[in-house]
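This report describes a single protein chain, beginning with one residue and its ionic partner and widening from there to the chain as a whole. The sequence and the model come first.

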Amino acid sequence: MENSEGVKIESTVVTEEPLISALDIALFVVIITVAYFWYFKRDKQSSSSEKKPYTIQPSSLGSIEQTSNSSFIKKLKSTGRSLVVFYGSQTGTAEEFAGRIAKEGARYKMKGMVADPEECDTADLVETKEIQKSLAIFCIATYGEGDPTDNAMDFYEWLQNGDADLEGLNYAVFGLGNKTYEHYNEIAIYIDQRLEELGATRVHEIGLGDDDANIEDDFVSWKEKLWESVCSHYGIEETGEESNIRQYKLVDCSGVLPERIFSGEISRLKSYENQRFPFDVKNPYLSKIAVNRELHKSGDRSCMHIEFDIDGSKMRYDTGDHVAVYPKNSSELVDKIGELLNADLDAVFSLLNTDEESSKKHPFPCPCTYRTALTYYLDITSNPRTHIMKELIEYASDPKDQEKLKLMASSTPEGKKEFHEWILRDNRNIVHILEDLPSVKPDLDHLCELLPRLQCRYYSISSSPKVYPKSIHITAVLVNYTTPTNRVNKGVATNLLAQLIPTNDELPQPTIPIYIRRSQFRLPPKSQTPIIMIGPGTGLAPFRGFIQERDYARKEGREIGEMVLYFGCRKKDEDFIYENELQEYVANGTLTKLHLAFSRDQPEKKYVTHLLEQNADELWNIIGEKSGHLYVCGDARSMAKDVHSIIVKVVMEKGQMTNSQALNYVKKMEQQKRYSADVWS
């Protein structure tokens, strides 16, 4: 375009005595070309940065860490290693499991390293045969609707599209999934099968972890059998040496200048003071809370309608997307840890990886204070896994406490039972453990190494950008519950949000870091397509955005299809959220039908699934005769499964199909994005 304009300019300015010479024009074209390529290269880099996964690589003293050499084979060879453990992780669990396997390799004379497939040239897998007794292990999570995690996407596509000869590659796969979802461990299963198809040798059968049950138990059981297979395959024996070796070493940073110390930033130092677009998982936007109001009319529960101000941020979202909120732990719990361990929480420190070849130099942004680490970077409210029990043993001075920890860290039936009852059933977090085992006094820096990262929380966006381009709305239930030990556990994100109440314009408004995560939960391309929405409780959230968008189209004079909503809650006069809005949409014709189920307003409980069964003709008319779309949002464990069964039954009866034909019909709807689910367990 620039060149063609240059030619045009040249033709129009040429006269008998040209003012611009051929050399001037040539120089002009060169400059424009260089500028063109520079601009689009920068734009491409900016776009790709938005798509990068959650891999935190904070740097020592706040400088930006340089990406290490992508050849993991060179690292293996240069450091005398034979074990590499890849992870595909969205929340950090797969990465944690990978680290534990690599650490245990030392017990079997296999020095290991952890590798992020996004940072590696996975084509180098063909060269692992050059390393004696080499082994590649893959800890892979399945995410969303049967998708690979962000950091495993390139590897997954390489396997799909490539035909590399992987003969000589020895491998094993452990999958992380959730049985309440339809595509349970789909990615791990595919990788396991595909590696074999490409000629690799499976050293141990695939392990499938179920996060809906006890994924820690699944992992530990698989790992023990894995090492048995490894010993048999390579003809080696366990050395018997314990693997409780620190991965990070403590560095005293008391002399570091205050401006070089992290104070809660996710990746870039001072990123909240100096905000830069684009905003993503590693660079969230510090959004003001514009609105925070209660939706429940009465009762002892709370549901909040919250609006995040994104005016001026250049952030864009689509109806059906999710917003990620970065929470922080309560100061009460953080102070309690400091008190229990008699630690100075304001001491400045850094944890530096003892493996100099690792691309991950720190477990979280360093240097920082212990207070910052426990507040912003570490998960102190979830149930610790068994490996943490094992690491705490050495810090127990009371033999009884020591024996209890040893039992829970073991893989015996008695140990598993004790861990399940004392940790999982009684819902103890690390604070509760330190309270109930008073002789356990771990070094605070070691505890910071052991605890998993605090993860952002995702919420379905309950607004349409057509109506609210400068704000993002969410609908969130406040999480508070009493445990069997009579402690009150509080949701990390919702309890923080409940405190962020906007004040008058004269005072600074409360803020919180957010970013937008794209979703496939989308309205049909044509506004005339009829849709059915099933969303009890806060499952209504994305459908509020759907309805707003269709109402906007109607007001513009466009034809809109039927919109049928199934909503349920406990009591009409207590938790019927957005009641006035919904009734208004019914009155103006945007919402064709509103089916309501109030489960506790009558002696027999009534749910949206009961209403679906009663309206089989309406369901089939829209999804069968009119090829409409069906959407489900809410609980995956029971509601979404029940809805799926009802839909299959309706297709069988009204479509006059066999069970097999009906299942195929519904499956085809899912493939065509005519049956979409946004669910959680």
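In this predicted model, Arg301 is partly exposed, with a relative accessible area of 27%. Its side chain meets that of Asp575 in a salt bridge, with 2.6 Å from N to O. The pair links distant parts of the chain, since Arg301 is in the loop between strand 9 and strand 10 (303–309), whereas Asp575 is in helix 17 (residues 572–575), 274 residues apart. Asp575, unlike a residue in the partly exposed class, is buried, with a relative accessible area of 5%.

Salt bridges that share partners also join Lys336, Glu339, Arg425, Asp426, Arg428, Glu435, Asp436 and Arg487 into one network. The structure holds 41 salt bridges, and the table lists three pairs, including the one already described.

| Pair | N to O distance |
|---|---|
| Arg301 and Asp575 | 2.6 Å |
| Lys360 and Glu95 | 2.7 Å |
| Arg637 and Asp212 | 2.4 Å |

The side chains of Arg637 and Asp212 meet in a salt bridge. This pair too links distant parts of the chain, with Arg637 in the loop between strand 22 (629–635) and helix 21 (639–654) and Asp212 in the loop between strand 7 (207–210) and helix 7 (215–234), 425 residues apart. Arg637 is partly exposed at a relative accessible area of 42%, and Asp212 is partly exposed at 26%.

Lys360 and Glu95 likewise meet through their side chains in a salt bridge. Because Lys360 lies in the loop between strand 12 and strand 13 while Glu95 lies in helix 4 (residues 93–104), the pair ties together parts that are 265 residues apart in sequence. Lys360 is partly exposed, with a relative accessible area of 22%, and Glu95 is partly exposed, with 21%.

Helix 9 (residues 370–377) offers a view of the interior. Six of its eight residues are buried, so helix 9 is largely enclosed by the rest of the structure; the buried residues are Tyr370, Thr372, Ala373, Leu374, Thr375 and Tyr377. They pack against strand 8, helix 8, strand 12, strand 13 and helix 14 (444–450). Thr372, at 11% relative accessibility, counts as buried, and, leaving aside residues up to four places away in sequence, Thr372 touches Phe262, Ser263, Gly264 and Tyr377.

Some backbone details deserve attention. Most residues other than glycine have a negative phi, and most peptide bonds are trans. Against that background, a cis peptide bond joins Phe277 and Pro278, with omega about 5°, and the peptide bond from Cys366 to Pro367 is cis, with omega near 0°. Asn342 is not a glycine and yet has a positive phi of about 50°; Asn342 lies in the loop between helix 8 (331–340) and strand 12 and is exposed, with a relative accessible area of 73%. Asn427, also not a glycine, has a positive phi of about 55° and is found in the loop between helix 12 (413–425) and helix 13 (430–436).

At the surface, Arg570, Lys571, Arg600 and Lys605 form a positive patch. For the chain as a whole, there are 22 helices and 23 strands, and buried residues make up 51% of the 681 residues. Among contacts between residues at least 6 apart in sequence, 76% join residues at least 24 apart. The chain exposes about 32,400 Å², of which carbon and sulfur atoms supply 49%.

Note on methods
Residues numbered from 1 in each chain as written. Predicted model: local features only at pLDDT ≥ 70, side-chain atom pairs only at ≥ 80, totals over all residues. Heavy atoms only, no water. Patch = residues over 30% accessible without salt bridge, like charges linked within 9 Å, V, L, I, M, F, W, Y side chains within 5 Å. Areas by Shrake-Rupley, 256 points an atom, 1.4 Å probe, with all protein chains shown as cover. Salt bridge = Lys/Arg side-chain N within 4 Å of Asp/Glu carboxyl O. Lys, Arg positive; Asp, Glu negative; His and termini not counted. Charge placed at Lys NZ, Arg CZ, Asp CG, Glu CD. Helix = DSSP H or I, 4+ residues; strand = E, 2+ residues; numbered from the N terminus. Buried < 20%, exposed > 50% of the residue type's maximum accessible area, 1.4 Å probe, protein only. Contact = heavy atoms within 4.5 Å.
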